[in-house]
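Colleague: I would like to learn how to read a protein model, beginning with its charged side chains. Could you walk me through it?

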Amino acid sequence: MYLTSLTLSHFRSHKRAVVEVDHRPVAIWGPNGAGKTNLIEAVSLFSPGRGLRRASAQEMARRPEALGWKVSGDLVGVNGAHEVSFVSEGGAARQVRVDDKPASQVALGRLARAIWLIPSMDRLWIEGAEGRRRFLDRLTLSFFPDHAQASLDYEKAMRERNRLLKDMVRDANWYAALEIQMAEAGAAIHLNRRAAVARIAQAQAGAETEFPTAILKLVQSEGDMPQSMEDLRAALSESRSRDLQAGRTLVGPHRTDLLGTFAAKEVPASECSTGEQKALLISLIMANARALAEDVGEPPILLLDEVSAHLDAGRRAALFDEISALGAQAWMTGTGPEMFAELGDRAQALEVTEEGASSVVSKAALSH
Ligand SMILES: Nc1ncnc2c1ncn2[C@@H]1O[C@H](COP(=O)(O)OP(=O)(O)OP(=O)(O)O)[C@@H](O)[C@H]1O
């Protein structure tokens, strides 16, 4: 799938930007702070969730004058052509509309898929489990749009259970009712995650790629993840007195972590060099994109923020070749056209500059 147009109104540093593109990769360059990441953040909204910075609607409104903003675009893919828009008014949460009708996040997830790699993910393997879980869930969501609903249902029931635990409530029926809800959603979350990890492994195994294979493994911070709904319900029930002492729920998919291993070296990703960690992430993102291309019938939109800056010329050329072979509309940022030289006319180009306190997006040409 790909966008053919993108319009930003009062979105972050962009007062107004109208961009017309075709199916090819989009090379975006401009000086630091010009508004390149803001532009691809707007594209990330086409995938369900809060976008690549996980920002609130309020944070996205152009400072200082705007309270609201709008991002819209024409999306073309196996599901046909659709006009998708995101509007936030007066600081309220964004409303999604598809062909001018309100749409849910799950409906959006079935229509559009965008996956990304951004600089804040560079420390994914080193920092806490929360970031890795988020990465895992985005990966899972790209395959299973219903995953978002299961996560929301699980979190809602867990929040309620945690509140009871904190208040030292001892009403067994109340816990039991919430634990059934958590078990139902939690088992679905676990099943989806396992299937997504298995799909990534399969996509890496069969690929001709310059990027090293990363083996993913799901682990629990304590014990094993109960596999079935009934096992999870029983584990929650058993853990009740321990949870009362801790004041929070100690078992379930919210305690899952994602381990990454550099397959060829059999070394944990967290012990790899910075460049190797980046290469492992690129490998995973590209495997995700290839798997989606097969399963959905078209590649997702890729958003690669400052990725080429960290690659040597050989790896950069390899990445561009893989993106071109996949036929993905990859929006890639860098500080200058030289970062995209190996792409030649396989891509289109945009330049982002700052003029009069607003970002300005203009068509550019890739030098040969
Ligand atoms: N809500 C907002 N309203 C106005 N400006 C904003 C808003 N949010 C961010 N900005 C501004 O956007 C600019 C950053 O834009 P962005 O992150 O897109 O830069 P970039 O071109 O990707 O730069 P770099 O190459 O340094 O990563 C900053 O100057 C920041 O102050």
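Modeller: Gladly! Keep in mind that this is a predicted model. Let us start with one pair: Lys278 and Asp122 form a salt bridge, and their closest N and O atoms are 2.8 Å apart.

Colleague: Where in the chain do Lys278 and Asp122 lie?

Modeller: Lys278 belongs to helix H9 (residues 274–296), while Asp122 is in the loop between strand S8 (114–117) and helix H4 (129–143). The two are 156 residues apart, and the pair links distant parts of the chain.

Colleague: Is Lys278 buried or exposed?

Modeller: The general idea is to look at the relative accessible area: a residue counts as buried when the value is under 20%. Lys278 has 5%, so this residue is buried.

Colleague: How many salt bridges are there in the whole structure?

Modeller: A search finds 25. Another one brings together the side chains of Arg193 and Asp137, at 2.9 Å from N to O. Arg193 is part of helix H6 (residues 172–205) and Asp137 part of helix H4, so this salt bridge ties together parts that are 56 residues apart in sequence. Arg193 is buried too, with a relative accessible area of 4%.

Colleague: What does the side chain of Arg161 meet in a salt bridge?

Modeller: That of Asp243, with 2.8 Å from N to O. Since Arg161 lies in helix H5 (residues 147–166) and Asp243 in helix H8 (residues 240–246), the pair ties together parts 82 residues apart in sequence. Both residues are buried. There is a wider group here as well: a network of salt bridges links Arg161, Glu179, Arg240 and Asp243.

Colleague: Now for the strands. How do I read a sheet, and what is the order of the six strands here?

Modeller: The idea is to list the strands by who sits beside whom. In this open sheet the order is S2-S1-S4-S5-S6-S7, and the pairing is antiparallel. Strand S2 (14–20) and strand S7 (101–102) are at the edges with a single partner strand each, so one side of each has no neighbour in the sheet.

Colleague: Which bridges and hairpins involve S5?

Modeller: Take S4 (residues 69–77) to begin with: this strand and S5 are antiparallel and pair over nine bridges. Leu75 has His82 in S5 as its bridge partner, and two residues make the connection in the hairpin from S4 to S5. Turning to strand S6 (residues 95–98), four bridges join S5 to this antiparallel neighbour. There, Val87 stands opposite Gln95. S5 and S6 also form a hairpin, with six residues between them, and Gly90 in its turn has a positive phi of about 55°.

Colleague: Which residues gather in a patch of negative charge on the surface?

Modeller: Glu20, Asp74, Glu83 and Asp99 do. Of these, Glu83 takes us back to strand S5, which covers residues 80–88.

Colleague: How exposed is Glu83?

Modeller: Its relative accessible area is 34%. Partly exposed is the class between 20% and 50%, so Glu83 is partly exposed.

Key. Residues are numbered from 1 along each chain as its sequence is written. This is a predicted model: local features need pLDDT of at least 70, side-chain atom pairs count only at pLDDT 80 or more; totals for chains, interfaces and linings use all residues. Side-chain values use heavy atoms; hydrogens and water are left out. Patches are made of residues with over 30% relative accessible area and no salt bridge: like charges are joined within 9 Å, nonpolar side chains (Val, Leu, Ile, Met, Phe, Trp, Tyr) within 5 Å. Accessible areas come from the Shrake-Rupley method with a 1.4 Å probe; for residues, only the protein chains shown count as cover. A salt bridge is a side-chain nitrogen of Lys or Arg within 4 Å of a carboxyl oxygen of Asp or Glu. Lys and Arg count as positive and Asp and Glu as negative; His and the chain ends are not counted. The place of a charge is taken as NZ of Lys, CZ of Arg, CG of Asp or CD of Glu. Buried means under 20% relative accessible area, exposed over 50%, partly exposed in between (1.4 Å probe, protein chains only). Two strands pair if DSSP finds at least two bridges between them.
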